[in-house]
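Hi,

Here's the structure I promised to pass on. Could you have a look at it alongside my notes below?

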Amino acid sequence: MVSIGFMVRHGAARRYRSLQEKDTIMDESSSALECRKEKPIADEADFKTHKKGISKEEIVQAYSEWSKNGNYEAEMNLICYQGPFIAAAALAECINEVDRSSQYILDLAAGSGRLGEELAKYGFTNIDALDASDGMLKEAEKKNVYKKLICEYFDNDTDIPDDSYDVLIISGGMGEGHIPANSLKKMRKIVKKGGLVVIVMRKQYLSCVEDYENLLPMMTKMEEDKEWQTVSQKTVADYSFNNQGMVFIFRVLH
Ligand SMILES: C[S@@+](CC[C@H](N)C(=O)[O-])C[C@H]1O[C@@H](n2cnc3c(N)ncnc32)[C@H](O)[C@@H]1O
């Protein structure tokens with residue numbers, strides 16, 4: 001496995017020269033304090049969207065509710081939640097600047113479109129957004145960075161055709177009742193040979209979300225079966241509310 005040291009170039013809150021620099025600054029600055037101030041509100045909303053046994057319908061309802069009046073954007077601000085920064089920087093590290101505009105990208109569980117915005121800053125301009133919540137997609141539409149908006153709950157039964165995208169990227173879409181573990185194969189299938197699957201998620205979910213108990217073994221099995229190859233697997237600090245995150249990048253081999 002190759003570990004990457006990607007650069008975070010953009011951001012409304014702060015610009016970092018590297019993720020290492022980000023970790024140092026986040027520890028020293030008032031950002032941690034600001035984050036703690038926001039935490040109770042966002043924690044409550046986070047609880048609603050990640051409670052044990054949450055159904056598809058409840059997910060859609062909870063996120064649509066949270067999206068109203070820009071509440072999701074305000075509470076999950078880029079000081080407290082770094083997912084979109086981290087995901088966009090990780091992808092940019094893998095693809096040369098000149099090739100970025102030709103990459104056809106699926107932002108899976110796009111939410112309010114923060115990742116699309118970050119990707120656009122790096123020169124990725126060919127992006128579709130998929131999300132289960134109509135309310136979140138309405139927010140994403142306002143960002144004017146997506147070619148297509150797809151409202152569906154993504155699972156193994158999605159009818160997105162095989163080999164549709166060069167890149168499938170997820171920031172914050174994994175969690176209790178969220179994107180199911182058994183849709184990994186589907187993710188791989190809808191990405192073209194040589195393309196990338198990028199998954200950025202809270203590390204804790206690998207152990208506390210029952211459906212993800214087999215996520216790592218499934219990823220490994222797909223590597224053994226030569227369906228994809230690990231480009232990098234990295235733990236990052238301060239993914240959200242001072243929790244660590246995981247950044248998985250796979251290259252599709254089939
Ligand atoms: C925490 S938000 C992350 C949104 C965005 N990617 C970001 O980083 O700000 C999680 C999003 O995942 C969506 N979601 C959860 N499970 C999903 C699924 N199986 N298919 C599609 N969207 C899903 C929710 O509707 C919500 O908008």
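Start with Phe154: one of its polar backbone atoms is 2.7 Å from a nitrogen atom of the ligand. Keep in mind as you read on that this is a predicted model.

Two tyrosines make polar contacts with the ligand through their side chains. For Tyr81, a polar side-chain atom is 2.7 Å from an oxygen atom of the ligand. For Tyr72, the distance from a side-chain N or O atom to a ligand oxygen is 2.9 Å.

How much of the ligand does the protein cover? On its own the ligand has 600 Å² of accessible area, and the protein covers 99% of that. As for where the ligand sits, the space it takes up is the largest cavity. Two elements each give two or more residues to the shell around the ligand, namely helix 3 (56-67) and strand 2 (127-131).

The shell itself might be handy for your setup. There are 20 residues around the ligand, and the ones that come nearest are Tyr81, Ala109, Asp131, Phe154 and Ser171. By type, the shell splits into 13 nonpolar residues, five polar ones and two charged ones.

Ala109, one of those nearest residues, has something else worth a look. Its phi is positive, at about 65 degrees, even though it is not a glycine. You'll find Ala109 in the loop that runs between strand 1 (105-108) and helix 6 (114-121). Is Ala109 buried or exposed? Neither, quite: its relative accessible area is 22%, so it counts as partly exposed, the class that lies between the 20% and 50% cut-offs.

There's another non-glycine residue with a positive phi, Asn144, at about 55 degrees. Asn144 is also in a loop, this one between helix 7 (134-141) and strand 3 (146-151). Its relative accessibility is 70%, so Asn144 counts as exposed.

Last one: Asp238, which belongs to strand 6 (residues 228-240). This aspartate has a relative accessible area of 10%, so it is classed as buried. Which residue would I check alongside Asp238? I'd pick Gly83: the two are 155 residues apart in sequence, yet their C-alpha atoms are 9.3 Å apart in space.

That's everything from my side.

Cheers

Methods. Residues are numbered from 1 along each chain as its sequence is written. This is a predicted model: local features need pLDDT of at least 70, side-chain atom pairs count only at pLDDT 80 or more; totals for chains, interfaces and linings use all residues. Side-chain values use heavy atoms; hydrogens and water are left out. A residue is near a molecule or strand if one of its heavy atoms lies within 4 Å of it. A polar contact is a pair of N or O atoms within 3.5 Å; within protein, one must be able to donate a hydrogen and the other to accept it, and residues adjacent in sequence count only if both atoms are side-chain atoms. Accessible areas come from the Shrake-Rupley method with a 1.4 Å probe; for residues, only the protein chains shown count as cover. On a 1 Å grid over the protein atoms alone, a cavity is a set of points where a 1.4 Å probe fits but cannot get out, and a pocket is an open set with protein on both sides within 12 Å along at least five of seven lines; lining residues have an atom within 4 Å of a point. A molecule sits in a cavity or pocket if more than half of its atoms lie within 2 Å of its grid points. Helices (H or I, at least four residues) and strands (E, at least two) are DSSP runs, numbered from the N terminus. Ala, Val, Leu, Ile, Met, Phe, Trp, Tyr, Cys and Pro count as nonpolar, Asp, Glu, Lys and Arg as charged, and the others, Gly among them, as polar. Buried means under 20% relative accessible area, exposed over 50%, partly exposed in between (1.4 Å probe, protein chains only).
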